[in-house]
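User: I'm new to this structure and would like a close look at one part of it. Could you walk me through a single spot and what sits around it?

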Amino acid sequence: MEDDVVQAAAIHRGDDDDVAGVFTAAAGMLAAEGITVRGLIQYHERDPDGRLRRHLRVLGSGESMPISQVLGQGSTACSLDTAALAEAAAWLRRFQQEAPGLVIVDRFGPLEAKGKGFASELLGLLAAGIPVLTSVRDDQATAWEAFTGGLAEWLPPEAAAVTAWGRGAAHRG
């Protein structure tokens, strides 16, 4: 990796943005160009009881995994399944060993901002010179800037912009 070059970019994640759609479209276009793209893309699906549950699609594997656990009715506890998140972190470590052209990690959130969640895996990917693309909500933008030393790029939530950045980053990486 060149001095002072962090191969990272983020899109601002608004409530109405279809980040999963943008990332999925960009990953497909890049793969069609021969660029190896790996990553974790979050999506939502209703369970048989009609509750919205979070899942991760593992790019390059064909696998998906639920990351929400079913809690009792009226529960206000965090519904993230820590075992599923540990499995997702293991995928990110595998991607680092594989050294693809680009890794997409659907979100940089409050846990990563505190050095938890996927923070170690993201840093490992960046330290290995592997380009990383994520999404960040406005309330985590300052933490993302600090995490990347202010060297990451900001992209609009558009497949064409994400694809162009991914293409350039993969060729630089």
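Analyst: Let's start with one serine, Ser135, and then turn to a pair of helices. A quick note before that: this is a predicted model, where local features need pLDDT of at least 70, side-chain atom pairs count only at pLDDT 80 or more, and totals for chains, interfaces and linings use all residues. Residues are numbered from 1 along each chain as its sequence is written, and side-chain values use heavy atoms, with hydrogens and water left out.

Ser135 lies in strand β6, residues 132–136 (strands are DSSP runs of E, at least two residues, and helices are runs of H or I, at least four, numbered from the N terminus). With a relative accessible area of 1%, Ser135 is buried (under 20%, with a 1.4 Å probe and protein chains only). Leaving out residues up to four places away in sequence, Ser135 touches Ile11, Arg13, Val19, Phe23, Val105, Asp106, Arg107 and Phe108 (contact means heavy atoms within 4.5 Å). The side chain of Ser135 also reaches the backbone oxygen of Asp106 at 2.3 Å.

Now for the helices. The axes of α1 (residues 19–32) and α6 (residues 159–172) come within 9 Å and cross at roughly 45 degrees; the axes are lines fitted to C-alpha atoms over the stretch in contact, with angles from 0 to 180 degrees between N-to-C directions. Where do they meet? Val22, Phe23, Ala25, Ala26, Met29 and Leu30 in α1 meet Ala159, Val162, Thr163, Gly166 and Arg167 in α6.

Terms used
Buried means under 20% relative accessible area, exposed over 50%, partly exposed in between (1.4 Å probe, protein chains only). A polar contact is a pair of N or O atoms within 3.5 Å; within protein, one must be able to donate a hydrogen and the other to accept it, and residues adjacent in sequence count only if both atoms are side-chain atoms.
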